[in-house]
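I opened a new notebook page for this chain. My plan was to look things up one at a time and write down what I found.

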Amino acid sequence: MLQSEDSALTPTRRRTLISATRDLRRNFEIAAWAIRLHLDFVASHAFESHTGNDAFDKGLEEFVARWGRKGNFEATGRHSRRRCMRLAEAHRVCDGDVFFQRLRSGLVAPIEGDRIRTPGGTNRADYSHGIRTNAAGKPLGYALHNRTGSSGFTFARELSAQYVEQLAYFDRFDQGRGISPLAPAVNRLRDSYECLDYALVKAKVSQLFGLALHRDDDEAIGDVETADDADGNPDKSAQTIDFGRGPFQLDLGIDETAEILESKTPSAEFTNYVELSIALGLKALDIPAIFWDESRTNFSGARGAVILYELSARDKQAEIQELLDRLTYWRLQMAILDGAFELPRGWTLQDLVWEWLPQKMPWINPLQEVKADVEAINNCLTSPQRVLKRQKIDFDDVVTEVREAREKINSLPPAPGAKPKQKEAE
């Protein structure tokens with residue numbers, strides 16, 4: 001069947017998928033860890049201004065830092081910009097998309113994806129998964145719903161698309177709502193989750209020792225007749241087994257043997273299957289298997305896996321960078337119009353140059369990697385700027401900090417008894 005993704009994932013199926021991904025994140029520690037690792041690589045960004053005017057760049061960075069504090073960025077006042085972006089990416093991973101409404105106060109109102117849904121009534125045909133579009137598929141409005149009770153919704157109002165930002169995972173052009181990248185891995189991760197629970201139950205049951213007795217007589221131990229008692233009646237065997245709290249002793253007959261029942265739990269085959277299922281589930285987020293088990297590879301393999309994973313994270317980072325760029329432009333525009341932020345004389349908002357840099361990735365082996373970078377710089381194969389940018393470090397900040405450190409060191413008085421430094425030739 002050839003149909004759009006919005007038609008394939010019906011509203012009912014979308015609710016089921018969102019419920020399943022949220023349940024995995026809530027209850028399965030491996031899924032929660034994988035999402036947190038994904039957020040570490042994708043969701044954290046730092047703002048840097050590059051206008052060339054050092055004083056203005058510093059002032060702009062301070063303004064953006066104040067805007068990002070708790071109470072200045074998000075409408076509820078509970079989250080800073082950094083936490084908001086992490087939560088937004090987490091919702092994009094689990095729900096497929098998340099929305100931000102720009103408010104007149106200069107704050108943003110995050111909207112979870114399941115709150116945008118098709119309302120009931122006569123205008124139901126105008127919406128697709130809660131989005132009203134024009135003939136070309138461009139969003140015109142979003143049907144916002146409020147939560148009622150445990151899982152109910154009631155229509156609140158339609159939000160104009162010009163005030164709403166959507167952060168979503170898209171796979172096709174004619175797709176209006178995002179779909180979670182965990183969709184193909186839900187069953188695999190859920191199987192791993194259930195298998196681990198069943199293995200734990202089996203391991204607990206196996207701790208209840210069983211004893212198997214082998215003997216030639218057909219009767220059970222307690223039914224074996226021995227010599228007659230004083231009244232002439234046959235006695236039953238008085239043999240009992242009590243494991244007690246320590247070592248125990250069995251007094252067995254000549255033809256009797258005893259074996260402890262034992263179960264190898266979990267088996268090696270089960271462990272290998274669960275590890276394979278987890279590795280396959282992590283692939284939904286492009287996470288290498290060695291991140292789950294670092295002992296599987298050496299330095300070269302780990303570095304190669306990190307490089308490939310960073311490549312896969314670039315597009316995901318870029319979408320968050322674009323969202324932050326649009327929000328930054330909007331917030332600066334409001335601040336300039338309100339007089340809360342001033343531009344240099346003759347400048348316009350289009351003259352500003354800034355960048356949202358993803359969180360830096362530390363060196364895996366600093367000594368080897370720094371030596372390789374120095375060798376590449378000395379042979380004109382790269383530049384210090386490129387090397388630092390790859391590490392998400394601003395070159396100008398490093399130059400300024402090094403100059404300030406040297407000036408401070410040179411201004412210190414000589415230590416007692418130390419020879420005075422010879423003045424450098426001009």
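My entries follow, from the whole chain down to single residues.

**Entry 1: the whole chain**

I noted at the start that this is a predicted model. I then looked up the secondary structure. The protein chain has twelve helices and twelve strands. I looked up burial next. Of the 426 residues in the protein chain, 34% are buried. The exposed surface of the chain comes to about 27000 Å². Carbon and sulfur atoms supply 51% of that surface.

I also checked contacts along the sequence. I took the contacts with a separation of 6 or more. Residues 24 or more positions apart account for 64% of them.

**Entry 2: salt bridges across the chain**

How many salt bridges does the count come to? I found 15 salt bridges. I looked up some of them in turn.

The side chains of Arg-172 and Glu-5 form one, at 3.1 Å from N to O. This pair links distant parts of the chain, 167 residues apart. Arg-172 sits in the loop between strand 7 (164–168) and helix 6 (186–206), while Glu-5 belongs to helix 1 (residues 5–8). I checked exposure for both. Arg-172 is partly exposed, at 34% relative accessible area. Glu-5 is partly exposed too, at 24%.

Next I looked at Asp-97 and Arg-177. Their closest N and O atoms are 2.6 Å apart in a salt bridge. Asp-97 is in strand 2 (residues 97–102), and Arg-177 is in the loop between strand 7 and helix 6. The two are 80 residues apart. Buried or exposed? Both Asp-97 and Arg-177 are buried.

**Entry 3: a network, and Ile-18 beside it**

I then turned to Arg-22 and Asp-95. Their side chains meet in a salt bridge of 2.8 Å, N to O. Arg-22 is in helix 2 and Asp-95 is in helix 5 (residues 81–95), 73 residues apart. Asp-95 counts as buried because its relative accessible area is 2%, and the limit for buried is under 20%.

Which residues share a network of salt bridges with this pair? I wrote down Glu-112, Asp-114 and Arg-147, linked with Arg-22 and Asp-95.

Ile-18 came up here as well. Its place is in helix 2 (residues 11–27). Ile-18 is buried, with a relative accessible area of 7%. I left aside its neighbours within four places in sequence and listed its contacts. They are Cys-94, Asp-95 and Asp-114. Asp-95 and Asp-114 also belong to the salt-bridge network. Ile-18 and Asp-114 are 96 residues apart in sequence. In space their C-alpha atoms are 8.1 Å apart.

**Entry 4: a buried arginine without a partner**

I looked up Arg-117 next. It lies in the loop between strand 3 (108–112) and strand 4 (131–133). Arg-117 is buried yet has no salt bridge. How far away is the nearest side chain of opposite charge? It is Asp-114, at 5.5 Å. A salt bridge needs N and O within 4 Å, so this pair does not count as one.

I then listed the contacts of Arg-117, leaving aside neighbours within four places in sequence. They are Arg-15, His-129, Gly-130, Ala-143, His-145 and Phe-153.

**Entry 5: two surface patches**

I looked for charge on the surface. Asp-54, Asp-396, Asp-397, Glu-401, Glu-404 and Glu-407 gather in a negative patch. Which helix gives the most to this patch? Helix 12 (residues 395–411) does, with five residues. Glu-404 lies in helix 12, and it is partly exposed at 47% relative accessible area.

I also found a nonpolar patch on the surface. Ile-307, Leu-308 and Leu-311 form it, with about 290 Å² of accessible area together. Leu-311 is in helix 9 (residues 299–338). At 44% relative accessibility, Leu-311 counts as partly exposed.

**Entry 6: positive phi**

Last, I looked up backbone angles. Asp-286 has phi near 65°, a positive value in a residue other than glycine. Asp-286 is in the loop between helix 7 (268–282) and helix 8 (289–292). It is partly exposed, at 34% relative accessible area.

Cys-380 has a positive phi as well, near 60°. It lies in the loop between helix 10 (366–378) and helix 11 (384–390). Cys-380 counts as exposed because its relative accessibility is 70%, and the limit for exposed is over 50%.

Technical notes
Residues numbered from 1 in each chain as written. Heavy atoms only, no water. Helix = DSSP H or I, 4+ residues; strand = E, 2+ residues; numbered from the N terminus. Buried < 20%, exposed > 50% of the residue type's maximum accessible area, 1.4 Å probe, protein only. Lys, Arg positive; Asp, Glu negative; His and termini not counted. Contact = heavy atoms within 4.5 Å. Patch = residues over 30% accessible without salt bridge, like charges linked within 9 Å, V, L, I, M, F, W, Y side chains within 5 Å. Areas by Shrake-Rupley, 256 points an atom, 1.4 Å probe, with all protein chains shown as cover. Charge placed at Lys NZ, Arg CZ, Asp CG, Glu CD.
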